[in-house]
Amino acid sequence: MRHRHVLCCLFLVSAPLSAQVSQAEYRDRRDALVRRIDDGSILLAIGGSEPAEDFLSFNQSPQFDYLTGFHEPDAALVVVKKGGTATSTLFVEPRSPANEVWTGARLGVDGVLRVTGLRGRDASQLRATLDSLAGLGLPLYVVGNMGDAESGVATPDAQLVASLRAKHPALEVRDARRLVLGARGTKSAAELALIRKAVEITVAAQLEAMRAIEPGMNEFEVQALIEYTFRRRGADRPSFSTIVGSGPNSTTLHYNRDDRFIGDGDLIVMDIGASAQGYAADVTRTVPANGKFSPAQRDVYQVVRAAQSAAERQAQLGSKAQRMTDSSTAVLASGLARLGLIESPTATYECNSGGRTDCPQYRLYYMHSIGHGIGLEVHDPDQYYFAPNVIAPGSAFTIEPGIYVRANTVEIIPDTPKNRAFRTKIAPAVAKYANIGVRIEDDYLATEKGVEWVSRAPREIDEVEAAMRAPNDGPNKRDAALIQWYPKF
């Protein structure tokens, strides 16, 4: 089997990330949050915990990261607001030369002020401090993971709050998470720059994968190349588990085993994202393993691409986000009807065995929403999640329609009297398009100038095929043929 190596192209090496969130911006975020809580109250924001095993990676809680930019474990921010004045303290683990042999250097209490502008205290004093403040009768606003009451899972955040309530029965606890989520929905210029960088790295990885793919490879080879490109270009890590799904795996939305050998006639869904200084990208491309879409694969791909274009036309400043969903769904449902996979764009079927619930037929092949916000998390809040639910400067989001024709689709449909004719009618189309999964996902940033498509990897059928058939007689010639697709860094 031929192996295409794409590791020596000098122009692929990224410059160090220059964009960053300033300490002044973190301070402004905290100040904005404090203005929204009552005077005479406590704000507690709890960071992520040290991994149980010290050789596992630590990633800071996004809520805590948003407010502090502090990336060490087992930290907490306490703000006391009294008389219109707020006093902020960051509780951190102290320096320990013996422990730092294992974990690396820590800032410690003395280093906190220099780096964050916040007064530092030893984390061991947190509980006593909260006990003292709770004894004053001040309400407590909590930014953290309060756990899952139904499942009984108690997070460290929830355990701390529960112990405070047990000692101070009159303590009033208020959930401040939604306040922070609402603020996170509007990205600053610095955040947009970091998302843009994460997207650029992700686009480069998509291109590397397109050039390397050929039948006979294993999905994990593609995954390895993608994640290598992330790190080589300066990303922290993948922003989520890399999805490389070929053949039948292309129809599983969150498939990430990535361990199947790729067949000659397969489609491959590559849903990937790099994280740059904590900010996520999320870009999906669907490509033919042999470099050429079959007629059936083209049929499905063109419907998905048309649905994405319909949503893009609605992605305008001041536009209701729901319009993206409505427009893309109408196009996608019409396309599915044209392919014979559903009876009509508005047709329904009985989606439980009792025959009492009707569901849209298109939902058999399109189970998710049109997109989501991106930011500190790959599924981040966007301001269009909140009233008035419109796209505005500072929005950062994806558009990602998809169609997934599972080979057993007919079996998924409950065998009810009403459904039997439907099952028989669509069976030939399901057989024709079986194991074809297509998702096309792009990232968009909104500024005062408008909404910009930033994930400019090849996505039209002819563009994808051109990228995949670039000459394989040397990296320099291949790069010259494909450099046109790279965004301008």
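**View 1. The largest nonpolar core of the predicted model.** In this predicted model, the largest nonpolar core has 65 residues, and those that touch the most other members are Val222, Ile226, Met270, Met324, Leu341, Tyr365 and Ile403. Helix H10, which covers residues 295-314, supplies the largest share of this core, namely seven residues. As a general background to such a view, nonpolar side chains in soluble globular proteins tend to be buried together.

**View 2. The surroundings of Met324.** Which residues does Met324 touch, once residues up to four places away in sequence are not counted? The contacts of Met324 are then Ala311, Gln314, Ala315, Ile370, Tyr384, Ile391, Phe397 and Ile399.

**View 3. Another nonpolar core.** Apart from the largest core lies another one, which is made up of 40 residues and has Leu90, Ile195, Ala396 and Ala457 among them.

**View 4. Helix H1.** Helix H1 runs through residues 23-35, and because a helix should extend 1.5 Å a residue, its 13 residues are expected to span 18 Å, which agrees with the 18 Å between its end C-alpha atoms. Within H1, the residues Glu25, Tyr26, Arg29, Arg30, Leu33 and Val34 are buried.

**View 5. The whole protein, as a setting for the close-ups.** The protein contains 15 helices and 19 strands, and 53% of its 489 residues count as buried. Among contacts with a separation of 6 or more, 71% join residues that are 24 or more positions apart. The accessible surface of the protein comes to about 21,300 Å², and carbon and sulfur atoms account for 52% of that surface.

Key. Residues are numbered from 1 along each chain as its sequence is written. This is a predicted model: local features need pLDDT of at least 70, side-chain atom pairs count only at pLDDT 80 or more; totals for chains, interfaces and linings use all residues. Side-chain values use heavy atoms; hydrogens and water are left out. Helices (H or I, at least four residues) and strands (E, at least two) are DSSP runs, numbered from the N terminus. Buried means under 20% relative accessible area, exposed over 50%, partly exposed in between (1.4 Å probe, protein chains only). Contact means heavy atoms within 4.5 Å. Accessible areas come from the Shrake-Rupley method with a 1.4 Å probe; for residues, only the protein chains shown count as cover. The expected span of a helix is 1.5 Å times one less than its number of residues. A nonpolar core is a set of buried Ala, Val, Leu, Ile, Met, Phe, Trp, Tyr and Cys residues joined through side-chain atoms within 4.5 Å.
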